[in-house]
Amino acid sequence: MKNHKTLSCDIAIVGAGPAGLAAARAASVSQRSIAVIDDNPLPGGQIWRDGPQVSQLAMAKDYRRVLSLPTVRYLPGTRIVASLAAGALLLEDAQTSYRLDYEQLILCCGAQELLLPFPGWTLPGVTGAGALQALIKSGASVAGERVLIAGSGPLLLASAATARAAGALVSGVYEQTDRYQLINFGVGLLRWPGKLAQAFKLFSTRYRWRSHVIEAMGDRRLEAVRIRQGDAEAVIACDRLACGFGLVPNTVLAQHLGCSLEDNAVAVDRYQQTSQTGIYAAGECTGVGGSELALVEGEVAGLAATGKVEQAQALFTHRAYWQRFARHVKEHFGLRPEIRRLARVDTLICRCEDVALSVLAEEQGWNAAKLQSRCGMGACQGRICGSIARELFGWSLPEPRVPLVPARIETLMACSEKDMS
Amino acid sequence: MITVYLDGQPLVMGEGLTVAAMLTLSESSIARLSCTGQPRAPFCGMGICQECRVTIDGRRQLACQTLCQEGMHVERTV
Amino acid sequence: MSLQARTAAADVVIVGAGIMGAMCAYELASRGLSILVIDNGTGGATGAGMGHLVVMDDNPAELALSRYSIALWNTLRKRLPEACAYRNCGTLWLAANDEECGLAEAKQARLVEYGAQSEWISASALRQLEPMLRPDLAGALKVFDDGILYAPATARWLLHQQDGRITVQEGDVTRVEGNRLCLSEGGWLTAPAILLANGLGAFRLLPDVPLRPKKGHLLITDRYPACINHQLVELGYAASAHADDGTSVAFNVQPRPTGQLLIGSSRQFDTLDKRVEFDVLGRMLMRAQDYLPGLGELNAIRGWTGFRVATPDGLPLLGQHPDQPGLWLALGHEGLGVTTASGSARLIAAQLLGEAPPFDPAPFRTERFVGVASHTPGAAA
């Protein structure tokens, strides 16, 4: 079939963010052949996302160099459609489909934002918090726009800083967690001086705690946001609302490969190996913890996958230091119960199939909801509404279905060729 | 500078923008109409939510994970 | 009152809340009986299948049952709410060459005998009607009364009719003996009649019933502006559907009311592995693209598998178990369960209540394959 190729490598790495780049760099020393697959058109993942409005950190540039090594094949803009068999992935980019045969696999799939529903959250102008940052880095124009940032977690300040640097007027950053938790969080940061300095740098006088979005308002586009701050409510006119409630690990590919999960993240041993032999995982798909942790986990995975056990062991202490930081963040940005009650009966939960809360509330679990209401039956395959249902109703995440992402039928057809069977 | 055609209308811009970013330069940043006719724009920004799927050179693709190229034709999904 | 102490749980206890169990419940409750439906929530062919209401004519019994069933659906369809997504889109049986034109002609003749209306569509008319099809097809037979519906929502709707005479309970049935059954939570339920309508689940309860799973793959696309207007099936489909062995694929595509295309079909024997097999999926899609050349460019959003449950002669088992009084079977509808649910339920109700059967029940007798008599040489129908 034209537009179909077969590739092979010793080590396949999924994701070109900090964990994936660190894994590739550590593994590249072995001179084994490496393939790095990333769905973004440019490397760096979310935190080191490149684009026309980005001046890239020296460290990010340095890590990226691994992608131009002769032993490394970098596949940008490439999505993983399915696992065809043990040791074989089906991929596609905008033009071509690939079968990639590998010996070992390192999953560095990162995290996605927890995007919880509130009235008006589907209006154009409303995005995730990290999403706004990503859009600006990719060249979106926000100069002169009135921007509100809301939700939870350290990402809010980073997003505000990016928006401000791009010329937006950030009129407020609304964090749901309370003052007590924030002070404890800040004091706790003394153990990670680099992070404390970062927090100071990003801190904004517009930062508000114990505050959250009540609703986004507008006719076919965002015009204003109703905010609750402590016990008071206010309506604030704005052009954009960036709202995210922290991050959740991306586990779809790992689940599809049969890797066990623990606490909604990919379970790994101390060498970053998953429950499946030969499949490693590193970075935020194994638990949200920031880029420093992702880097060291990626390095451990890259070393372990190439048999450099002692070198990997030497990193365990450093990794533990950043694992403690991850726990510290998690402990202080837990969601307050009212955040899970923002959606009204008519608020859409499934944005693909436009399924409202009232319809879902009648169902007993994910499978029944899916069959009866079409929730999660759309193009995102429940990636957004599945996380919501877990938060709101305690339902378990949907089983991944193939194709893992929308894929051309042509790509799926390529599998029937002799060499694919 | 490159030229991209959005619903047939030429848009001139610098290089390196994603199609999702390009949409913000247009009159309306809408990527598609939902199945009940609601306007939707790029939302998650990182290839998860599928809100920004548009037709790029004849194929349905994600605006947030596609870089604009000279002469590219982008049609909103309506 | 504990379950053990219960005497009669209902007039009829039905195992399985899929389309077959739901339709049987609906039918029996319409005659005033109280019905308890027990389902283990694992889902079966109802959720996995296409929901194509189609007259099939591979043998007279199948034709009689499916034609009668379609007529029943036609009276019911006006009452179905929009969630059931019923559409009277008709089926186009596609003829690729002269030989298949002959097949179409023979098919039309058989359908006429049973009152199913159809019309020959010429090659040029077909190009007008379905421009996405490859242009060199020889024509098609359009069967008018065929349609599509969304079976999971329809099953649920059926279970909510009949003024509360139907109760649905989640539970796992571990044993059946005549007119009583055992639930995994413990305790036996007894009723004047117990009906098994749990498809694949019947394997575990009645190991001597010769039911064979036939695995199928389906794939659905993203929403696109209307591409096709009828259920499109190749005339060679019947050959694939009735193959006894090996893996086969056939072109069978349905336009969903959402603008999605639902693409089938494949058949594999003697596997219960639920995973999508890319080799089979790929072959199925190549076959589909052979008919719809533009298909490869469309995005698929989900693929899945399901199991049709088939008897050795391809006809369902409808009636009382020959050796276990009080135990009734509505099993083995293979790929035609949604279509024939209405007719099968009517036949079960007629037999259970001693009414005149709506059509000849002989080809569906359980004695064909079930019970002591069926195992003695020459006894099977």
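This passage looks at where chains B and C touch and at one sheet in chain C. The model is predicted, so to speak only of a computed structure: local features need pLDDT of at least 70, side-chain atom pairs count only at pLDDT 80 or more, and totals for chains, interfaces and linings use all residues. Residues are numbered from 1 along each chain as its sequence is written, chains are lettered from A and ligands numbered from 1 in written order, and side-chain values use heavy atoms, with hydrogens and water left out.

Chain B brings 5 residues to the contact and chain C brings 6 (contact means heavy atoms within 4.5 Å). Together they bury about 530 Å², with 29% of that on carbon and sulfur atoms; buried area here is the accessible area, taken with a 1.4 Å probe, that two parts lose on being put together, summed over both. On the chain B side, Cys35(B), Arg59(B) and Arg60(B) lose the most area, together 81% of what that side buries.

Charge shows up here too. There are 3 salt bridges between the two chains, each a side-chain nitrogen of Lys or Arg within 4 Å of a carboxyl oxygen of Asp or Glu. One of them links Glu297(C) with Arg59(B), at 3.0 Å from N to O.

Over in chain C, 6 strands form an open sheet with mixed pairing, in the order 8-2-1-12-19-18. Strands (E, at least two residues) are DSSP runs numbered from the N terminus, and two of them pair if DSSP finds at least two bridges between them. Strand 8 (166-170) and strand 18 (317-320) sit at the edges with a single partner strand each, so one side of each has no neighbour in the sheet.

Conventions
Helix = DSSP H or I, 4+ residues; strand = E, 2+ residues; numbered from the N terminus.
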